[in-house]
Amino acid sequence: MSKVAVVYWTMGGNTEAMAQAVAKGAGTEAVECSDFSADQVAGLDALAFGCPAMGSEELDPDLEELFNSCVPELGERPVVLFGSYDWGDGEWMRAWEQSAKDAGVNVIDTYIAHLEPDDDALAACEALGAKLA
């Protein structure tokens, strides 16, 4: 079984619910970004990072700083990105995915949910986790 980390930042709990579903699919526990660091990447086979859209479709600065510190350590490990949004059309996720790929990250999938994830969104998140496991 793969060692998978599901790392997230949440403000209202929507991305946390998504992280819990991804973790369930991966057979692991979700961890808040404040409890994770780049030096933990070496012991992992795959990772998922979750962050809601903030401001004008941006990543939360704390999650963005953590993610950027992990990028040099990720190598070919498969990575999924996920998060929730309120308004807009998902621009923050497209930008995050593109910048990650441009940095050499092996992004295998992304998923976004509008506001609180419904049952279909949670099932999709579980499937994301299963891809990593």
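**Exercise 1. Pro-117**

Is Pro-117 buried or exposed? Place the residue, then list its contacts.

*Solution.* The model is predicted, so local features need pLDDT of at least 70, side-chain atom pairs count only at pLDDT 80 or more, and totals for chains, interfaces and linings use all residues. Residues are numbered from 1 along each chain as its sequence is written, and side-chain values use heavy atoms, with hydrogens and water left out.

Step 1. Get the terms straight. Buried means under 20% relative accessible area, exposed over 50%, and partly exposed in between (1.4 Å probe, protein chains only). Helices (H or I, at least four residues) and strands (E, at least two) are DSSP runs, numbered from the N terminus.

Step 2. Apply the cut-off. Pro-117 has a relative accessible area of 9%, so Pro-117 is buried.

Step 3. Find its place. Pro-117 sits in the loop between β5 (106–114) and α4 (119–132).

Step 4. List the contacts (heavy atoms within 4.5 Å). Residues up to four places away in sequence are not counted; Pro-117 then touches Asn-14, Ala-17, Met-18 and Leu-122.

Step 5. Check a distance along the chain and in space. Pro-117 and Glu-16 are 101 residues apart along the chain, and their C-alpha atoms are separated by 10.0 Å.

**Exercise 2. Two strand residues**

Compare the surroundings of Ala-46 and Val-79.

*Solution.* Step 1. Place them. Ala-46 is in strand β3. Val-79 is in strand β4.

Step 2. Read the accessibility. Ala-46 has 0% relative accessibility, so Ala-46 counts as buried. Val-79 is buried too, with a relative accessible area of 0%.

Step 3. List contacts, leaving aside neighbours within four places in sequence. Ala-46 meets Lys-3, Val-4, Ala-5, Pro-78 and Leu-132. The contacts of Val-79 include Leu-47, Phe-49, Leu-74, Val-105 and Leu-132.

Step 4. Look at two C-alpha separations. Ala-46 and Ala-133 are 87 residues apart along the chain, with 7.7 Å between their C-alpha atoms. Val-79 and Glu-116 are 37 residues apart along the chain, with 23 Å between theirs.

**Exercise 3. The core and helix α2**

Which element gives the largest share of the largest nonpolar core? Describe that element.

*Solution.* Step 1. Define the core: a set of buried Ala, Val, Leu, Ile, Met, Phe, Trp, Tyr and Cys residues joined through side-chain atoms within 4.5 Å. In soluble globular proteins, nonpolar side chains tend to be buried together.

Step 2. Name the central members. The largest core has 28 residues; Phe-36, Leu-47, Phe-49, Phe-67, Leu-81, Trp-96 and Val-105 touch the most other members.

Step 3. Find the sources. Two or more residues each come from β1 (4–8), β3 (46–50), α2 (61–74), β4 and α3 (91–102). The largest share is that of α2, with 6 residues.

Step 4. Describe α2. Its 14 residues reach 20 Å from first C-alpha to last, close to the 20 Å expected at 1.5 Å a residue. The expected span is 1.5 Å times one less than the number of residues.

Step 5. Pick out its buried side. Leu-63, Leu-66, Phe-67, Cys-70, Val-71 and Leu-74 of α2 are buried. The buried residues of α2 pack against β1, β3, β4 and α3.

Step 6. Take one core member. Beyond its neighbours within four places in sequence, Trp-96 contacts residues including Phe-49, Leu-63, Phe-67 and Leu-81.

**Exercise 4. Positive phi**

Where are Glu-57 and Leu-115 found? Give their phi and accessibility.

*Solution.* Step 1. Recall the rule. Most residues other than glycine have a negative phi.

Step 2. Take Glu-57. Its place is in the loop between β3 and α2. Its phi is near 60°, a positive value. Its relative accessibility is 10%, so Glu-57 counts as buried.

Step 3. Take Leu-115. This residue is in the loop between β5 and α4. Its phi is near 55°, also positive. Its relative accessibility is 36%, so Leu-115 counts as partly exposed.

**Exercise 5. The largest pocket**

How many residues line the largest pocket, and which are closest to its centre?

*Solution.* Step 1. Define a pocket. On a 1 Å grid over the protein atoms alone, it is an open set of points where a 1.4 Å probe fits, with protein on both sides within 12 Å along at least five of seven lines; lining residues have an atom within 4 Å of a point.

Step 2. State the volume, about 230 Å³. A volume is the space filled by probe spheres set on the points, which are joined across faces, edges and corners.

Step 3. Name the lining. There are 16 lining residues, with Pro-52, Ala-53, Ser-84, Tyr-85 and Asp-86 closest to the centre. α1 (14–26) and β4 (78–85) are the elements that give two or more residues.
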